[in-house]
Amino acid sequence: MCTGIILKSEDGVTIPARTMEFGFDILSNIAIVPAGTEIHSLSGDNKQTGLVYKAKYGFGGANALGRNIIVDGINEKGLYFGAFYFAGFAKYSELSPENQSQSVSSEELGNYILANFATVEDVKQGLQQISVVGTFIKEIQSFAPLHYSVVDANGDAIVIEYSDNGLTIFDNEIGVMTNPPSFDWHLTHIRNYINLSPENMKPVTINGMTLSPISQGSGLMGLPGDYTSPSRFLRAAAFVNLSIPSRNAEEGVFHAFHILNAFDIPKGIVSEVSEHGIFHDYTVWTSVIDTKNKDYYFRTYLSPQQMKVNIVEALKGLTAPKVIDMELTHTYKDLTGNFSQKS
């Protein structure tokens with residue numbers, strides 16, 4: 001149930017941001033991986049080894065399931081990668097002796113992209129050199145069904161999908177990404193809502209009676225408010241493309257967090273009942289990335305305070321991957337003392 005957006009400030013900074021939703025804690029932390037690190041693919045299968053390579057660029061971001069896999073992050077060149085659930089549509093190559101040495105599991109694609117490429121154009125070429133396969137993950141009892149957002153510091157953005165159609169790469173000019181169906185379906189669906197506007201509707205007169213909108217917000221009346229992927233795509237597209245642009249990166253980061261507030265899901269609002277119990281999808285964490293300054297901002301379900309890691313500074317002096325805790329305890333600032341009568 002993830003929602004991704006891309007903002008561009010008036011001074012040219014590109015700011016991808018997203019929410020990460022899941023039905024359980026995916027055990028994310030912040031991992032930093034220096035250039036030169038040797039990375040072994042198919043790491044979730046202790047009987048197989050896939051593509052082996054050394055990281056050309058250092059990178060960092062949020063991992064998942066306690067594994068050395070970056071599902072959302074940025075490298076030292078300002079290239080952003082984000083993995084989004086694509087259940088029911090994702091289809092990957094079958095692992096075989098012929099493709100094993102060039103194979104990367106679907107949940108490991110972030111490592112490969114961030115370690116090796118600086119721009120979206122580089123990524124497009126690099127994807128032709130590998131086979132993406134599915135590896136069984138016990139936590140979800142399946143392979144990871146994902147599609148991917150890639151954005152570079154120049155502002156180029158793509159969506160990468162592996163499906164029955166094979167590998168498809170879409171240019172993401174609208175600056176939004178959610179979940180199934182395929183990205184091109186969302187672009188067709190949004191055409192049903194192109195009449196919506198941020199401007200309130202004007203009064204109309206019928207048989208001499210003037211009828212005015214009942215409240216503010218009438219311009220976007222009809223915009224779906226549920227949490228399905230098509231509805232979130234529509235809302236995100238409206239918020240990204242109708243809200244006032246930010247002047248610079250600092251404003252853009254602030255703006256992105258505010259937009260994503262509208263997509264934050266508390267536990268209990270979206271529930272799945274199965275033979276294994278009741279699962280409540282919720283916003284595990286939210287990230288905002290400044291691709292110019294290489295700043296990775298985030299907040300978590302228990303720690304709503306915004307935190308930041310500068311990837312370039314974090315990489316200095318690092319000779320091996322390092323992981324720090326992402327989730328902290330909830331804190332607040334008590335202002336009661338400001339009302340004290342003491343001088």
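About 250 Å³ of space lies in the largest cavity of this predicted model. Nineteen is the number to keep in mind for its walls: of the 19 residues that line this cavity, Phe22, Ala64, Val71, Tyr85 and Leu146 are the closest to its centre. Three elements, namely strand 2, strand 7 (67–75) and strand 8 (80–85), give two or more residues each to that lining. Strand 2 provides the largest share, four residues. What is the lining of the largest cavity made of, by class? It has 16 nonpolar residues, three charged residues and no polar ones.

## The second cavity

A search of the whole structure turns up two cavities of 30 Å³ or more. The second largest has a volume of about 60 Å³. Its lining includes Gly4, Ile5 and Ile6, along with Pro16, Ala17 and Arg18. Further along the sequence, Tyr80, Phe84, Ser149, Asn172, Val176 and Met177 also line the second largest cavity. Strand 1, strand 2, strand 8 and strand 14 (176–177) are the elements that give two or more residues to this lining. By class, there are eight nonpolar, three polar and one charged residues around the second largest cavity.

## Pockets open to the outside

Now for the pockets. The largest pocket holds about 570 Å³ of space. It is lined by 19 residues, and Phe22, Gly23, Glu272, Phe279 and Asp281 lie nearest its centre. Phe22 has already come up as one of the residues closest to the centre of the largest cavity. Strand 2, strand 17 (270–274) and strand 18 each supply at least two residues of the lining of the largest pocket, and strand 17 gives the most, with four residues.

The second largest pocket has a volume of about 320 Å³. Which residues are closest to its centre? Of the 23 residues in its lining, they are Ile6, Leu7, Lys8, Glu173 and Gly175. At least two lining residues of this pocket come from each of strand 1, helix 2 (120–126), strand 12 (157–163) and helix 4.

Here are the volumes and lining classes side by side.

| Space | Volume | Lining residues by class |
|---|---|---|
| Largest cavity | about 250 Å³ | 16 nonpolar, no polar, three charged |
| Second largest cavity | about 60 Å³ | eight nonpolar, three polar, one charged |
| Largest pocket | about 570 Å³ | 10 nonpolar, five polar, four charged |
| Second largest pocket | about 320 Å³ | nine nonpolar, eight polar, six charged |

## Helix 5 and its neighbours

Helix 5 covers residues 249–261, and its length can be checked with a little arithmetic. At 1.5 Å a residue, its 13 residues should span 18 Å, and its end C-alpha atoms are 18 Å apart, so the two agree. At the N-terminal end, Asn248 acts as a cap: a side-chain oxygen of Asn248 lies 3.3 Å from the backbone nitrogen of Glu250.

Which residues of helix 5 are buried? They are Ala249, Gly252, Val253, His255, Ala256, Phe257, Ile259 and Leu260. In an α-helix there are 3.6 residues a turn, so residues three or four places apart point the same way. The buried residues of helix 5 pack against strand 1 (4–8), strand 2 (14–22), helix 4 (229–242), strand 18 (277–290) and strand 19 (295–300).

## Helix 1, Ala236 and Ser105

Helix 1 (residues 109–116) is largely enclosed by the rest of the structure, because eight of its eight residues are buried. Those residues are Leu109, Gly110, Asn111, Tyr112, Ile113, Leu114, Ala115 and Asn116.

Asn116 also gives a handy reference point for Ala236: the two are 120 residues apart in sequence and 30 Å apart in space, C-alpha to C-alpha. Ala236 is found in helix 4. Is Ala236 buried or exposed? Its relative accessibility is 0%, so Ala236 counts as buried. Leaving aside residues up to four places away in sequence, Ala236 touches Thr3, Ile5, Val176 and Phe263. Among these partners, Ile5 and Val176 also line the second largest cavity.

Ser105 lies in strand 9 (residues 103–105). With 0% relative accessibility, Ser105 counts as buried too. Its contacts, again not counting residues up to four places away in sequence, are Leu42, Val132, Val133 and Thr135.

Terms used:
Residues numbered from 1 in each chain as written. Predicted model: local features only at pLDDT ≥ 70, side-chain atom pairs only at ≥ 80, totals over all residues. Heavy atoms only, no water. Expected span 1.5 Å × (residues − 1). Buried < 20%, exposed > 50% of the residue type's maximum accessible area, 1.4 Å probe, protein only. Contact = heavy atoms within 4.5 Å. Polar contact = N/O pair within 3.5 Å; in protein donor to acceptor, adjacent residues only side chain to side chain. 1 Å grid on protein atoms, 1.4 Å probe; cavity = no way out; pocket = protein on both sides within 12 Å on 5 of 7 lines; lining within 4 Å. Points joined across faces, edges and corners; volume = space filled by probe spheres on them. Nonpolar A, V, L, I, M, F, W, Y, C, P; charged D, E, K, R; others polar.
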